[in-house]
Amino acid sequence: MKIHVTDQAGETHELEGLEGWRVMEVIRDWGLNIKAECGGGLSCATCHVYVDQDWLATVGVPSEEEEEMLDTVGDVRSNSRLSCQILCSDALDGLKLTLAASAS
Ligand code: FES
């Protein structure tokens with residue numbers, strides 16, 4: 001599956017993701033500007049992304065714990081998600097998202 005990620009500089013990258021991988025891991029392993037300090041442990045919010053409006057329903061809503069972490073960043077929006085909490089799957093092939101400033 002492929003994901004399309006716009007970085008903090010406005011440049012879009014098409015990344016190949018593997019089923020079952022966290023979206024954060026794909027972004028990190030392709031060398032984009034994402035800190036992901038806690039490595040996917042849901043305790044840092046430095047994997048913050050904005051999900052493209054067309055993909056919000058497919059990605060689904062964040063868990064309560066994820067919402068609480070998102071509340072700790074200043075640039076949160078209604079389409080904010082933590083990318084370590086989104087798993088790659090065929091249903092998300094073509095997913096579009098943008099890296100938040102607070103992810104860098
Ligand atoms: Fe820390 Fe996602 S990597 S919350």
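In this predicted model, Tyr50 stands opposite Ser80 in strand β4. Tyr50 lies in strand β3, which covers residues 48-51 and is joined to β4 by three bridges, the two strands running antiparallel.

**The sheet**

The β3-β4 pair belongs to an open sheet of five strands with mixed pairing, in the order β2-β1-β5-β3-β4. The edges are taken by β2 and β4 (80-82); each has a single partner strand, so one side of each is left without a neighbour in the sheet. From one strand to the next the twist averages 35°.

Three of the pairings are set out below.

| Strand pair | Direction | Bridges |
|---|---|---|
| β1 and β2 (residues 12-16) | antiparallel | five |
| β1 and β5 (residues 95-99) | parallel | four |
| β3 (residues 48-51) and β4 | antiparallel | three |

Strand β1 thus pairs with β2 in antiparallel fashion and with β5 in parallel fashion. On the β2 side, Val5 stands opposite His13; on the β5 side, Thr6 stands opposite Thr98. The hairpin of β1 and β2 has five residues between the strands, and Gly10 takes a positive phi near 90° in this hairpin.

Which residues of β1 (residues 2-6) form its covered face, and which its uncovered one? Ile3 and Val5 make up the covered face, while Lys2, His4 and Thr6 make up the uncovered one. In a regular strand the side chains alternate between the two faces of the sheet.

**The fold as a whole**

Along the sequence the elements follow the pattern β-β-α-β-α-α-β-β, which comes to three helices and five strands. The radius of gyration is 12 Å, close to the 13 Å that the globule rule gives for 104 residues, so the protein is as compact as a globular protein of that length. Taken along the principal axes, the C-alpha atoms fill a box of roughly 30 × 25 × 25 Å. Of the contacts with a separation of 6 or more, 66% are between residues 24 or more positions apart. Buried residues make up 30% of the 104 residues.

**The nonpolar core**

In soluble globular proteins, nonpolar side chains tend to be buried together. Here the largest nonpolar core has 23 residues, and those with the most contacts inside it are Val23, Met24, Ile34, Cys47 and Val49. Two or more residues of this core come from each of β1, α1 (23-29), β3 and β5. Helix α1 gives the largest share, four residues.

Met24 is one of the residues with the most contacts inside the core. Leaving aside residues up to four places away in sequence, Met24 touches Ile34, Ala36, Gly40, Cys47, Ser83 and Cys84.

**Gly17**

The loop between β2 and α1 contains Gly17. Is Gly17 buried or exposed? Gly17 has 23 C-beta neighbours inside 10 Å and therefore counts as buried, the cut-off being 20 or more. With residues up to four places away in sequence not counted, Gly17 touches Met1, Lys2, Ile3, Val23, Val26 and Cys88. Among these partners, Lys2 and Ile3 lie on opposite sides of the covered/uncovered division of β1: Ile3 is on the covered face and Lys2 on the uncovered one. His48, by contrast, lies 18 Å from Gly17 in space, C-alpha to C-alpha, and the two are 31 residues apart in sequence.

Note on methods:
Residues are numbered from 1 along each chain as its sequence is written. This is a predicted model: local features need pLDDT of at least 70, side-chain atom pairs count only at pLDDT 80 or more; totals for chains, interfaces and linings use all residues. The radius of gyration is taken over C-alpha atoms; the globule rule is 2.2 Å times the number of residues to the power 0.38. A residue is buried if 20 or more other C-beta atoms lie within 10 Å of its own, exposed if 12 or fewer, and partly exposed in between; C-beta atoms are placed from the backbone. Two residues are in contact if their C-beta atoms, placed from the backbone, lie within 7 Å. Two strands pair if DSSP finds at least two bridges between them. Axes are lines fitted to C-alpha atoms, for helices over the stretch in contact, and angles run from 0 to 180 degrees between N-to-C directions. A nonpolar core is a set of buried Ala, Val, Leu, Ile, Met, Phe, Trp, Tyr and Cys residues joined through C-beta atoms within 7 Å.
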